[in-house]
Amino acid sequence: MRAMNAIDPRNGAAAAHAAFELRRAGPESAPPTPFVFASPHSGRHYPDDMMSAAALDALSIRRSEDAFVDDLIRAATDHGVAVITARYARAYMDLNREPFELDASMFADELPAFARARTARVAAGLGAIARVVSEGQEIYSRKLTFAEARKRIEDAHRPYHLALRGLIAEAQAAHGFAILVDWHSMPAAAAKAASRERPCDIVLGDRYGAACAGVLPARVERELEALGYRVTRNTPYAGGYTTEHYGQPQRRAHALQIEINRGLYLDEATLKPTSGFERLRGDIETLTASLAAADWSALRTN
Ligand SMILES: [Zn+2]
């Protein structure tokens with residue numbers, strides 16, 4: 001991999017596992033491209049305070065990971081793209097949620113009003129601290145405390161989003177705008193259920209056009225289709241908290257969520273990469289190189 005400055009955000013021995021890994025492609029003051037890639041759901045660190053309260057075994061809980069998405073996008077720094085990847089597991093703290101999007105029924109104590117979320121995601125058991133893994137199995141054998149939630153937000157959510165905000169600001173300062181791509185993967189069953197025809201390979205989510213200039217998904221879709229992928233937009237995933245929160249084209253921040261069908265690269269039962277992994281990784285690098293080399297300067301005036 002080409003020279004880059006890797007940031008190790010660990011501060012001393014206190015934090016055995018930092019919240020994220022951040023790899024810039026150039027100096028903070030001069031990122032070579034306006035692109036920032038993020039993988040919030042591929043973290044593999046399950047702290048003891050979570051696992052000691054878990055009713056499920058580790059493999060069952062791990063099925064909620066967007067496994068290996070961090071590895072799929074790792075080469076992006078070679079093309080001038082800053083990359084941030086979560087270290088904490090998605091089941092510990094979901095970084096693609098409002099931090100206090102909590103499910104009151106999971107807690108032994110009463111939550112403050114601002115933390116009692118009634119969103120569709122919480123109702124589905126998938127708030128900032130998930131109640132269930134994808135098959136609907138309950139993760140915990142006991143109620144949690146609000147203090148535990150606060151700790152997860154402080155250790156995982158806050159530092160990750162602070163760093164992500166920083167990367168977007170660096171790109172904006174250097175280029176006049178930033179383009180965030182939030183990378184995810186979806187269960188093959190979800191991709192299948194969403195389509196009556198052939199299941200889609202990749203879903204692009206731009207909050208139905210609100211999160212970025214239309215040229216961005218148009219270009220990504222064209223490139224992916226040229227590589228042989230079946231691409232859909234906004235269904236079944238239109239983009240989560242990150243896409244909505246950071247995707248503000250009028251403030252020169254564009255965000256696009258990319259969901260990859262896990263069937264392309266992962267054995268979902270064993271969580272081992274399949275023979276498709278290398279091809280997909282190569283295709284993502286081809287896409288990345290093309291996006292990084294394109295002229296996006298029109299976004300500066302949008
Ligand atoms: Zn995800």
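**Helix 7 and its surroundings**

Good morning. I begin with what packs over helix 7: the cover of its buried residues includes strand 5 (178-186), strand 6 (202-205), strand 7 (231-233), strand 8 (253-261) and helix 9 (276-293). Please bear in mind throughout that this is a predicted model.

Which residues of helix 7 are buried? They are Leu216, Pro217, Val220 and Leu224. Viewed down the axis of helix 7, these buried residues fall within an arc of 90°, and they therefore line one face of the helix. The face turned away from that buried side carries Ala218, Arg222 and Ala226, which are exposed.

As to its geometry, helix 7 runs over residues 215-226, which makes 12 residues. From first C-alpha to last it reaches 16 Å, close to the 16 Å expected at 1.5 Å a residue. After helix 7 comes Gly228, whose phi is positive, near 100°.

Let me now place this helix in the whole chain. The protein chain contains 9 helices and 10 strands. Its C-alpha atoms fill a box of roughly 55 × 45 × 35 Å along the principal axes. Why does the radius of gyration agree with that of a compact globule? For 302 residues, such a globule would have a value near 19 Å, and the protein chain has 19 Å, so the two agree.

Two further figures describe the packing. Of the 302 residues, 44% are buried. Among contacts with a separation of 6 or more, 78% come from residues 24 or more positions apart.

To return to the starting point, helix 7 has its buried residues on one face, with strands 5, 6, 7 and 8 and helix 9 included in what covers them. Thank you.

Notes. Residues are numbered from 1 along each chain as its sequence is written. This is a predicted model: local features need pLDDT of at least 70, side-chain atom pairs count only at pLDDT 80 or more; totals for chains, interfaces and linings use all residues. Helices (H or I, at least four residues) and strands (E, at least two) are DSSP runs, numbered from the N terminus. The expected span of a helix is 1.5 Å times one less than its number of residues. A residue is buried if 20 or more other C-beta atoms lie within 10 Å of its own, exposed if 12 or fewer, and partly exposed in between; C-beta atoms are placed from the backbone. The arc is that of the directions from the helix axis to the C-beta atoms. Two residues are in contact if their C-beta atoms, placed from the backbone, lie within 7 Å. The radius of gyration is taken over C-alpha atoms; the globule rule is 2.2 Å times the number of residues to the power 0.38.
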